[in-house]
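Here are my notes for a reader who is meeting this model for the first time. Please keep the sequence and the structure open side by side while working through the numbered points.

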Amino acid sequence: MPTVYDLTRDQLTDRLVSWGEPAFRGKQLWTQLWKRAATYDQMSDVSPTLRERLASDLPLGVEVLDERTADKGATRKSLLRLGGKHVIETVLMGYRDRVTVCVSSQVGCAMGCGFCATGQMGLESNLTAGEIAAQVVWARREAARLPESTPRRLSNVVFMGMGEPMANYRPVRDAVTRLMDPTGMRVGARHITVSTVGLVPGIRRLGNDHPRVSLAVSLHAADDELRNELVPPNRMHPLAELEAAIAAWRERTRRRPTIEWAMIDGVNDSDEQAGKLAPIAYRLRAHVNLIPLNPTPGWSDRPSSTPRIESFVRVLEAGGVNVTVRDTRGRRIDAACGQLRLGHEFGSA
Ligand code: SAH
Ligand code: SF4
């Protein structure tokens, strides 16, 4: 069943008019749904009869099945059922200065990166635009429950949950459009980041459709031989083609891309790899984000040691590259990057 978040404002109004409601009801409801992130129960200006009909015919489409917290409540991973059937994970992360939600774009992922828990489960299905956006609306409501050490207001949206956004491009594009809608949530484009494994056509389309949205590319290897192994889609879009696509995106958008790199002990963390990455990142004026590998059930490699990471960083910095090491927050609840996967952690609860 489609969720109410799958409808445009006009479609919502048409539906209400077909139920015999006045046209202004559509606008009123739209504001409640998107701007106030209200649930039907919270809409005191809507009659109980209408609220009941809405809940049954146009559900919000988000059910919380389970929840885990870490970092004194500042990181929360939730298992959600969307649209009555798609079970995914959404992670809310409260920092001192911002609150970020990490959303899923697919149930599982077909890209086959072996070190990633979502990749290990394969692709089950795509999410709709409404199901993607509904995670953000839900997160805006939930942000109020975060600890006082955070702003308790949702500020950032990252497409780094389950799935490959560019493999479900149109719904992702439409969800971004809805999130930015000035009559709704008004999330600023700069506060939205789409992360991709490197599907070249998607990078091009995102640059054209949403030129102010940020782009992160998961590189993980700086030569085709290693990248073919770690990131199978590289066989379709090898490094030279990917670099050209990111360069074109940069030209088009005038934005600085991010390169993500999982640091895997003895696999891609050598000074040699850093030496190959440095000129690529330099040419792209990219910011490099190193993520120490998070453990997953189907992969036995270890995260790189701290001295190794430091050495890698030194090589990049010597090459004039801007680099940070991402915090591994949420690791204890398996909410860290690449650990999102159905069932296994929640299932044992
Ligand atoms: N499919 C997209 C977005 C989801 S993955 C992509 O691959 O970019 C979000 C990030 O987590 C990606 O950079 C991904 O490479 C990284 N990641 C996946 N598994 C990981 C793991 N086990 N440890 C650390 N990072 C991981
Ligand atoms: Fe899919 Fe991204 Fe995981 Fe690769 S890292 S399997 S693209 S979710």
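1. I begin at the surface, with Arg254, which counts as exposed because its relative accessibility is 66%, the cut-off for that word being over 50%. This arginine is placed in the loop that runs between helix H9 (239-253) and strand S10 (258-263), and its phi angle is near 60°, a positive value in a residue other than glycine. Please bear in mind, here and in every point below, that this is a predicted model.

2. Arg186 can be read alongside it. Phi of Arg186 is near 55°, which is again a positive value in a residue that is not glycine, and the residue is found in the loop between helix H6 (169-180) and strand S8 (192-196). With a relative accessible area of 58%, Arg186 is exposed.

3. Is Arg326 buried or exposed? Arg326 has a relative accessible area of 17%, and it is therefore classed as buried, since the word applies under 20%. Its place is in the loop between strand S12 (322-325) and helix H12 (344-347), and its side chain is joined to the side chain of Glu260 by a polar contact of 3.0 Å.

4. Glu260 leads on to ligand 1, for a polar side-chain atom of Glu260 lies 3.1 Å from an oxygen atom of that ligand. Ligand 1 is surrounded by 19 residues, of which the closest are Phe115, Ser195, Ser218, His220 and Asn294. For His220, an N or O atom of the side chain is 2.6 Å from an oxygen atom of ligand 1, while for Glu164 the corresponding distance of 3.1 Å runs from a side-chain N or O atom to a nitrogen atom of the ligand.

5. Glu164 appears once more in the surroundings of ligand 2, which also include Cys109, Met111, Cys113, Cys116, Gly119, Gly163 and Val197. When the residues of this shell are sorted by character, five are nonpolar, two are polar and one is charged.

6. Gly163, one of the residues around ligand 2, lies in the loop between strand S7 (156-159) and H6. At 17% relative accessibility Gly163 counts as buried, and, with neighbours within four places in sequence set aside, it is in contact with Ser105, Gln106, Gly108, Cys109 and Thr118. Of these contacts, Cys109 is itself listed among the residues around ligand 2.

7. How is the chain divided into domains? There is a domain 1 (4-57) and a domain 2 (62-333), and their C-alpha centres lie 33 Å apart. The contact between them takes 13 residues from domain 1 and 14 residues from domain 2.

8. Gly61 is found in the loop between helix H3 (48-57) and strand S1 (62-70). It counts as buried, because its relative accessibility is 13%, and, not counting residues up to four places away in sequence, it touches Thr3, Arg81, Leu82 and Gly83.

9. Turning to the interior, the largest nonpolar core has 105 residues, and the members that touch the most others are Leu33 and Leu277. Helix H5 (residues 129-142) gives this core its largest share, eight residues, and at least three residues come from each of domain 1 (4-57) and domain 2 (62-333). For Leu277, once its neighbours within four places in sequence are left aside, the contacts are Leu219, Ala222, Ile259, Trp261, Val288, Phe312 and Leu316.

10. Which residues does Leu215 touch, if those up to four places away in sequence are not counted? They are Met166, Thr193, Val194, Thr196, Ile203, Leu206, Trp249, Pro257 and Thr258. Leu215 has its place in strand S9 (residues 214-218) and is buried, with a relative accessible area of 1%. Ile259, one of the contacts of Leu277, is 44 residues from Leu215 in sequence, and the two C-alpha atoms are 8.7 Å apart in space.

Notes
Residues numbered from 1 in each chain as written. Chains lettered and ligands numbered in written order. Predicted model: local features only at pLDDT ≥ 70, side-chain atom pairs only at ≥ 80, totals over all residues. Heavy atoms only, no water. Near = heavy atom within 4 Å. Nonpolar A, V, L, I, M, F, W, Y, C, P; charged D, E, K, R; others polar. Core = buried A, V, L, I, M, F, W, Y, C linked by side-chain atoms within 4.5 Å. Buried < 20%, exposed > 50% of the residue type's maximum accessible area, 1.4 Å probe, protein only. Helix = DSSP H or I, 4+ residues; strand = E, 2+ residues; numbered from the N terminus. Domains from an automatic or database assignment. Contact = heavy atoms within 4.5 Å. Polar contact = N/O pair within 3.5 Å; in protein donor to acceptor, adjacent residues only side chain to side chain.
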